[in-house]
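Thank you all for coming; I would like to take a few minutes to walk you through one model, and please do stop me if something is unclear.

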Amino acid sequence: MRVLGIETSCDETGVAVYEEGRGIRAERLASQIPIHAAYGGVVPELASRDHIAKLLPMVEEVLADAQLTLEDLDAIAYTAGPGLIGALMVGGSLASSLAYALKIPAIPVHHLEGHILACRLEHPAPEFPFLALMVSGGHSQLVAVSGLGRYRIVGETLDDAAGEAFDKAARLLGLPYPGGPELAALADRGDASRFALPRPLKNQGLDMSFSGLKTAVRLTIDSCRAPDGSLPDAARADVAASFQAAVVDTLTAKCRQALEATGLTRLVVAGGVGANRALRESLAVLGRRTGTRVYYPRPKLCTDNGAMIAYAGWCRRTSAASEPRIVARPRWPLDELTPPSG
Ligand code: KG4
Ligand code: ZN
């Protein structure tokens, strides 16, 4: 069985083909960074327009790369939410129309389920059950995953998502959008011990909070400014490193507590912030100390991509929509999902 996957929930257009028994046959990703950079963040209307322009040519390229034609597809999966409504509708409309014309099922996929399952495209793939640290631009959750569609949120952020915190801190440091990777690169050159930034809610349950950290970053930056208002390069790198250390420390502590609370012995890292090298190293140390096996997909499977949607669609092949209907849910709690029917 071959499933075409389409991801258009935010600022990346992702297309891939997953084939049962063979894995990802081909994939393409188009970033919208140059389009949104001038505005310092994602402009939803521009995102939708760019998805429209890119999607169909990308489907053709992916099929050509895989040496397949539309007739070789058995289903078309698409991100149905959560995400930007206009962007979701582009992927949902194209996927549903293609599926309707080809008389094959269209499979609506939950974006976060795609992130959580992405690690199962790697070898070795984690078996269920596992704890997922889901850290993206819009979500920060600790999820006890006992099977496909069996998700219990054991902790989550009370305010900003971890990726959002990276992006906001990066902005305060004058870094271009998207801030997370830029800040991580700057942090490599800085001294993480220079500024003692807060570790919010560190020993208080499994929920997280990152908005206070942003305020602390702003105050720290202000305290380092030169008389002309500029921020010396060394201070910028040290703030970046200290901020990254605070987030990594907090996430690592939350994972440790969640592993203890749930008794789970596998930890899966999911979502864009999972591409962060300092976080990956810190979780590897946690794994060694606690006897936990840590799984992190390669960075390009952490950030948004079509492969995870094609694969999640294949996992949900029995729950395809029975009638032609486009699903687009900008808000869609992960724990509303149930195991696939059939
Ligand atoms: O999962 P994702 O690609 O999109 C969403 O579903 O949100 O996550 C994007 C988020 C952004 O906030 C981005 O700044 C952050 O992940 N991110 C990183 C890194 N790469 C991406 N944050 C820290 N370090 C990175 N290397
Ligand atoms: Zn995502």
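I will speak about the ligand first, then about one threonine, and finally about a pocket.

Please keep in mind throughout that what you see is a predicted model. Around ligand 1 there are 19 residues, and the closest of them are Gly137, Asp167, Gly272, Asn276 and Asp304. Looking at individual atoms, an oxygen of ligand 1 lies 2.6 Å from an N or O atom in the side chain of aspartate 167, while an oxygen of the ligand is found 3.1 Å from an N or O atom in the side chain of histidine 111. The backbone takes part in this list as well, since a polar backbone atom of glycine 180 is 3.1 Å from an oxygen atom of ligand 1.

Histidine 111 also brings us to threonine 79, because His111 is among the residues that threonine 79 touches, as are Ile6, Glu7, Thr8, Ser9, Leu88, Val109 and Ile309, when residues up to four places away in sequence are not counted. Threonine 79 sits in strand β4, which covers residues 75-81, and its side chain makes a polar contact of 2.6 Å with the side chain of glutamate 7. Is threonine 79 buried or exposed? With a relative accessible area of 0%, threonine 79 is buried, because anything under 20% counts as such.

Let me end with the second largest pocket, which holds about 280 Å³ of space. It is lined by 18 residues, and Pro108, Arg316, Ser319, Trp332 and Leu337 are the closest to its centre. By type, the lining of this pocket comprises 10 nonpolar, 4 polar and 4 charged residues.

Conventions. Residues numbered from 1 in each chain as written. Chains lettered and ligands numbered in written order. Predicted model: local features only at pLDDT ≥ 70, side-chain atom pairs only at ≥ 80, totals over all residues. Heavy atoms only, no water. 1 Å grid on protein atoms, 1.4 Å probe; cavity = no way out; pocket = protein on both sides within 12 Å on 5 of 7 lines; lining within 4 Å. Points joined across faces, edges and corners; volume = space filled by probe spheres on them. Nonpolar A, V, L, I, M, F, W, Y, C, P; charged D, E, K, R; others polar. Helix = DSSP H or I, 4+ residues; strand = E, 2+ residues; numbered from the N terminus. Buried < 20%, exposed > 50% of the residue type's maximum accessible area, 1.4 Å probe, protein only. Polar contact = N/O pair within 3.5 Å; in protein donor to acceptor, adjacent residues only side chain to side chain. Contact = heavy atoms within 4.5 Å. Near = heavy atom within 4 Å.
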